Amino acid sequence: MVRDSGTALLQSVAERIIGRYLTDSGFADVSVLNSGRSSAAGSLIDLTYRYQGRRVGVKVKPDVYFGSDPAKVRNREFVFYRSDAGHYAFESISNHMTREAGWMFNSDADELFYYYLVISQSEDEVRALLSEPDDVFFSELKVDRDELRILPMAATRDWFRAHYEEYTPRPVTVGDISAWYRLIPRSDIDTQVSGIRNAGSIFVGLSG
């Protein structure tokens, strides 16, 4: 039985969706790793796949600030449904006590899969579905809106390193740990970092 909640639960859902998307798209050896950490501690890779004989490491970042239905935004049961804020959220500090650099600085991933998705179900319902087989999970999970953007990690990191201090830091609490993020308008990244690919909505049509 899945016991994850909040951010960890959302991360697991996003990784499962993206893993299926890559498999259905014909990529080989798709492997979802353990909650953002590979066997090499600290590498911050969430999944891998093979493309043209090369192993590609991916950092997955889900973001629920993508909703368009005001009634669902107001529904307190829908914890994974927030208004579209029009930004990327990049982690600059992963632990406010140790000041460890965030994944935007220290991930070994080749690509950042930034996945906007909003789910119109309660956290308990989502948790229960995550324990189900694919045919149930993909047919019953209520993803109202989603969009996958694939960013080249190296180029995005270089831009972020040069500009992140221009944006106000925001605290994000996960369990007992507070991390710090920078919220950056999508247009700032999309117009200044080359090589970004927008895969659009990927959830609809995924096979069970």
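## The largest nonpolar core

A nonpolar core is a set of buried Ala, Val, Leu, Ile, Met, Phe, Trp, Tyr and Cys residues that are joined through side-chain atoms within 4.5 Å. The structure discussed here is a predicted model. Its largest nonpolar core has 30 residues, and the members that touch the most others are Val13, Ile17, Ile18, Phe113, Tyr115 and Leu141. Two or more residues each come from helix 1, strand 2 (47-51), strand 3 (54-63), strand 8 (111-119), helix 4, helix 5 (134-140) and strand 9 (143-152). Helix 1 makes the greatest contribution, giving seven residues to this core.

Apart from this core lies another, made of 26 residues. Among its members are Tyr81, Tyr114, Tyr116 and Met153.

## Val13 and its contacts

Which residues does Val13 touch, not counting residues up to four places away in sequence? They are Leu117, Ile119, Val126, Leu130, Phe137 and Leu141. Leu141 is also, like Val13 itself, one of the core residues that touch the most other members.

## Helix 1 against helix 4

Helix 1 (residues 6-24) packs against helix 4 (residues 123-130) at an angle of about 45°, and the two axes are 11 Å apart. Angles from 65 to 115 degrees count as roughly perpendicular and angles under 35 degrees as roughly parallel; helix 1 and helix 4 are therefore oblique to each other. Their crossing is left-handed.

On the side of helix 1, the contact involves Gly6, Leu9, Ser12, Val13 and Arg16. Helix 4 meets them with Glu123, Val126, Arg127, Leu129 and Leu130. By character, the residues of this contact comprise five nonpolar, two polar and three charged.

## Two acidic residues: Asp24 and Glu111

Asp24 belongs to helix 1. Is Asp24 buried, partly exposed or exposed? Its relative accessible area is 38%, and the range between 20% and 50% counts as partly exposed, so Asp24 is partly exposed. Along the chain, Asp24 and Ser107 are 83 residues apart, and their C-alpha atoms are separated by 26 Å.

Glu111 is placed in strand 8. Because buried means under 20% relative accessible area, Glu111, at 10% relative accessibility, counts as buried. Leaving aside residues up to four places away in sequence, Glu111 touches Tyr49, Val56, Gly57, Val58, Lys59, Ile150, Leu151, Met153 and Arg197. One of these contacts, Met153, is among the members of the 26-residue core.

Terms used. Residues numbered from 1 in each chain as written. Predicted model: local features only at pLDDT ≥ 70, side-chain atom pairs only at ≥ 80, totals over all residues. Heavy atoms only, no water. Helix = DSSP H or I, 4+ residues; strand = E, 2+ residues; numbered from the N terminus. Buried < 20%, exposed > 50% of the residue type's maximum accessible area, 1.4 Å probe, protein only. Axes fitted to C-alpha atoms, helices over the stretch in contact; angles between N-to-C directions. Parallel < 35°, antiparallel > 145°, perpendicular 65-115°, else oblique. Left-handed = near helix turned anticlockwise from the far one by under 90°. Contact = heavy atoms within 4.5 Å. Nonpolar A, V, L, I, M, F, W, Y, C, P; charged D, E, K, R; others polar.
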